[in-house]
Amino acid sequence: MDTFAPIDPINVFSCELEDWFHILDSDRVPRTEDWPTLPLRAERNVNRLLELLAEHGARATFFCLGWMAERMPHVVRRCWQAGHEIASHGHAHVLASRVGRRAFLEDIVRAKAILEDCIGQEVIGFRSPGFGVKEENRWVFDVVAEAGYRYDASVFPASHGHGGLRHARPDPYVVRTGCGPLVEIPVSTVQVMGHRACLFGGGYLRITPLPLIRWGVRRLNREGRPLVVYIHPREIDPSHPRLPLPLKRRFKCYVNLNTTMRKLQWLCTHCTFRTMRALAAHVDERIGATATRVPAVPGRGEAAVPVAG
Ligand SMILES: [Zn+2]
């Protein structure tokens with residue numbers, strides 16, 4: 001396993017394009033077969049994120065569910081046409097450890113095909129639902145490479161509800177899989193009181209006060225490490241419907257929804273964001289050991305000047 005710390009960090013803004021009911025691992029969330037009956041709210045929220053990104057000239061990576069791309073291909077294309085990267089979040093938001101290797105492979109192969117059909121370009125990046133790589137299912141890396149992806153962004157290098165590799169390297173590296181090398185871009189963490197802490201995505205971003213986020217960003221960049229932010233469209237939508245989750249999950253899912261946008265605005269104002277593909281290509285190039293599986297030449301999404309979608 002090779003590690004890499006960019007000298008000039010490439011900061012990444014990532015969004016998991018899913019909807020308000022795509023909550024994992026609870027018997028109190030709607031079943032997949034009931035999803036088509038539920039109102040979709042992602043489009044309006046994605047539009048707000050696109051406005052924010054355009055305002056600051058930021059590029060982002062949208063990890064899209066195949067299921068969402070089937071329902072709102074125009075939204076996926078709008079993100080692509082606005083200059084952002086389209087990557088995959090799987091098809092039906094399944095946890096790798098729950099469905100097993102074969103079903104997980106089928107799910108992520110299906111998503112790749114749907115997304116590529118939607119934008120007419122190869123999709124090379126993948127993020128597992130729930131950052132679902134654990135010590136027990138490191139086979140996820142092999143499956144992601146087998147499905148034809150060139151980089152993965154599924155590692156949460158700290159404790160996490162659905163996954164988490166607490167002892168994984170916290171910065172980008174290359175994983176040698178049975179199907180060739182795979183660039184891995186973990187979520188950013190910083191050391192806080194002797195523990196790795198993520199302050200930059202999902203519930204962690206919502207819980208963490210802005211001054212602490214600011215401190216974390218400065219520390220990361222001072223150390224020459226990339227900042228990887230992740231967000232879900234529902235997190236900027238305080239009035240979305242609530243699911244009858246147990247108290248702890250309810251807190252994690254719904255705390256501080258009204259503060260997310262302010263924090264994202266601060267991040268976009270003070271950081272330069274590029275796509276995860278750009279960071280993966282940079283890692284690939286610097287390590288020089290992966291036979292340039294991540295194309296250095298950007299796709300249309302990165303080269304394009306933002307246009308109104
Ligand atoms: Zn997700």
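This is a short walk through one structure, from its metal site to its cores and ring pairs. Keep in mind that the model is predicted.

Let's begin with the metal. Which residues coordinate the zinc ion? Glu 18 does so through OE, and His 89 and His 93 each do so through NE2. The distances run from 2.0 to 2.1 Å. Along the chain, the donors follow the spacing E-x70-H-x3-H. Are the two histidines buried or exposed? Both His 89 and His 93 are buried.

Next, helix H3. This helix covers residues 73-81. Its buried residues are Val 75, Val 76, Arg 78, Cys 79 and Trp 80. Note the arginine in that list: Arg 78 is buried. Look just past the end of H3. There, Gly 83 takes a positive phi of about 100°.

Now the nonpolar cores. In soluble globular proteins, nonpolar side chains tend to be buried together. Here, the largest nonpolar core has 81 residues. Which of them have the most contacts inside it? They are Leu 17, Phe 62, Leu 264 and Leu 267. Helix H5, residues 101-119, gives this core its largest share, with 7 residues.

Take Leu 264 as a close-up. Set aside its neighbours within four places in sequence. Leu 264 is then in contact with Phe 13, Leu 49, Leu 52, Leu 205, Ile 231 and Ile 236. Another core, of 16 residues, lies apart from the largest one. Among its members are Tyr 151, Val 183, Val 228 and Val 283.

On to the aromatics. How many aromatic pairs are there? The count comes to 11. I'll show two of them.

First up is Phe 126 with Tyr 149. The centres of these rings are 5.3 Å apart, with 40° between the planes, and the pair is tilted. Phe 126 lies in strand E5, residues 125-126. Tyr 149 lies in the loop between helix H6 (139-146) and strand E6 (151-152). The pair therefore ties together parts that are 23 residues apart in sequence. Phe 126 and Tyr 149 are both buried.

Then comes Phe 156 with Tyr 204. Why does this pair count as tilted? The ring centres are 5.3 Å apart and the planes stand at 35°, so the pair is tilted. Stacked would need an angle under 30 degrees, and edge-to-face one over 60. Phe 156 is in the loop between E6 and strand E7 (173-177), while Tyr 204 is in helix H7, residues 202-207. So this pair ties together parts 48 residues apart in sequence. Phe 156 is buried, at a relative accessible area of 1%. Tyr 204 counts as partly exposed, at 28% relative accessibility.

There is also a ring cluster. Ring pairs link Trp 20, Phe 21, Trp 35 and Trp 67.

Charges sit over rings too. Back at Tyr 149, the charged end of Lys 112 sits over the ring, 5.7 Å from its centre. Likewise, the charged end of Arg 242 sits over the ring of Tyr 254, at 4.8 Å from the centre.

Last stop, Arg 274. This residue lies in strand E12, residues 273-274. Arg 274 counts as partly exposed, at 41% relative accessibility. How far from Glu 85 is Arg 274 in space? C-alpha to C-alpha, the two are 9.3 Å apart, yet 189 residues apart in sequence. Leaving out residues up to four places away in sequence, Arg 274 touches Ile 10, Asn 11, Val 12, Phe 13 and Arg 59. Phe 13 also came up earlier, in contact with Leu 264.

Conventions
Residues are numbered from 1 along each chain as its sequence is written. This is a predicted model: local features need pLDDT of at least 70, side-chain atom pairs count only at pLDDT 80 or more; totals for chains, interfaces and linings use all residues. Side-chain values use heavy atoms; hydrogens and water are left out. Buried means under 20% relative accessible area, exposed over 50%, partly exposed in between (1.4 Å probe, protein chains only). Helices (H or I, at least four residues) and strands (E, at least two) are DSSP runs, numbered from the N terminus. Rings of Phe, Tyr and Trp (its six-membered ring) pair if their centres lie within 6.5 Å; planes under 30 degrees apart count as stacked, over 60 as edge-to-face and the rest as tilted. A charge sits over a ring if NZ of Lys or CZ of Arg is within 6 Å of the ring centre and within 35 degrees of the ring normal. Donors are N, O and S atoms within 2.8 Å of the metal (3.2 Å for Na, K and Ca); water is not among the atoms, so sites may look incomplete. A nonpolar core is a set of buried Ala, Val, Leu, Ile, Met, Phe, Trp, Tyr and Cys residues joined through side-chain atoms within 4.5 Å. Contact means heavy atoms within 4.5 Å.
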